[in-house]
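Biologist: Could you take me through one part of this model up close? I'd like to hear about the strands, what packs on them and which charged pairs hold on to them.

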Amino acid sequence: MDSRSFYNEILTDHNLNPAHKHDLPDANLVLRGVNPSCGDDITLKLKVKDGVIEDGAFVGDGCAISQASADIMLDMIIGKREDEAKALAGKFLDMIKGRAEKEDLEELEEASALQDISHMPARVKCAVLGWHTMEEMLAEKHDGVN
């Protein structure tokens with residue numbers, strides 16, 4: 001299977017059958033992320049206890065890339081410590097900027113299917129919306145905002 005086919009299959013699956021697109025009433029961290037250039041609008045909800053992301057979900061609307069990327073991200077960060085989730089976000093953003101190492105791509109698992117987005121500047125903001133929202137949410141938590 002070529003990488004383009006793999007990319008399309010992963011995006012299609014996460015867009016049509018998102019595991020994490022639902023409300024999460026017991027979330028203790030909630031932050032809205034908006035991409036005004038194309039209308040992507042998500043609200044990320046995390047349940048964090050003792051520094052571990054126990055559960056997560058998102059609601060909202062947007063293009064297939066933003067929705068699939070948020071769903072993939074949640075697959076990856078649920079069950080992880082906050083610092084691990086932030087490290088994954090850093091690797092994902094490096095990948096989108098075309099600076100990821102082979103080991104980083106392996107660690108990013110399904111998220112690495114979005115690697116080609118780096119060649120589509122108009123879609124980069126779509127792919128990183130959920131990841132930036134998560135980073136901002138965790139930073140605000142530690143700054144006492146959330």
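**Strand S2 and its charged partners**

Modeller: Let's start with Lys-47, which is partly exposed at a relative accessible area of 27%. Keep in mind that this is a predicted model. Lys-47 has a salt-bridge partner in Asp-26, and their closest N and O atoms are 3.2 Å apart. Asp-26 sits in the loop between H1 and S1 while Lys-47 belongs to strand S2, so the pair ties together parts that lie 21 residues apart in sequence. Asp-26 is partly exposed too, with 41% relative accessibility.

Now look at Lys-45. Its salt bridge goes to Asp-23, with 2.5 Å between the closest N and O atoms. Here again the loop between helix H1 (3-16) and S1 supplies the Asp, and strand S2 supplies the Lys, so parts 22 residues apart in sequence get tied together. As for how open the two residues are, Asp-23 is partly exposed, at a relative accessible area of 44%. Lys-45, on the other hand, is buried: its relative accessible area is 15%, and the cut-off for buried is under 20%.

So what does S2 belong to? An open sheet of 3 strands, ordered S1-S2-S3, with antiparallel pairing. Strand S1 (29-35) and strand S3 (52-61) are the edge strands, each pairing on one side only. From one strand to the next, the twist averages 20°. If you follow S2 (residues 40-49) along S3, you'll find 9 bridges between them, in the antiparallel sense. One spot to check by eye is Leu-44, which stands opposite Phe-58 in S3.

Then there's the helix on the sheet. Helix H2 (residues 64-77) packs there and touches S2 and S3. The direction of H2 makes about 170° with that of S3.

Those two Asp-Lys pairs aren't the whole story on charges, since the count comes to 9 salt bridges. Further along the sequence, Arg-81, Asp-83 and Glu-84 are linked in a salt-bridge network. Within it, the side chains of Asp-83 and Arg-81 meet at 3.1 Å, N to O. Asp-83 is partly exposed at 44% relative accessibility, and Arg-81 is also partly exposed, at 43%.

Back to where you asked me to look: S2 carries both Lys-45, bridged to Asp-23, and Lys-47, bridged to Asp-26. Put those two pairs on screen together with H2, which touches S2 and S3, and you have the part I'd show you.

Key
Residues are numbered from 1 along each chain as its sequence is written. This is a predicted model: local features need pLDDT of at least 70, side-chain atom pairs count only at pLDDT 80 or more; totals for chains, interfaces and linings use all residues. Side-chain values use heavy atoms; hydrogens and water are left out. Two strands pair if DSSP finds at least two bridges between them. Helices (H or I, at least four residues) and strands (E, at least two) are DSSP runs, numbered from the N terminus. Axes are lines fitted to C-alpha atoms, for helices over the stretch in contact, and angles run from 0 to 180 degrees between N-to-C directions. Contact means heavy atoms within 4.5 Å. A salt bridge is a side-chain nitrogen of Lys or Arg within 4 Å of a carboxyl oxygen of Asp or Glu. Buried means under 20% relative accessible area, exposed over 50%, partly exposed in between (1.4 Å probe, protein chains only).
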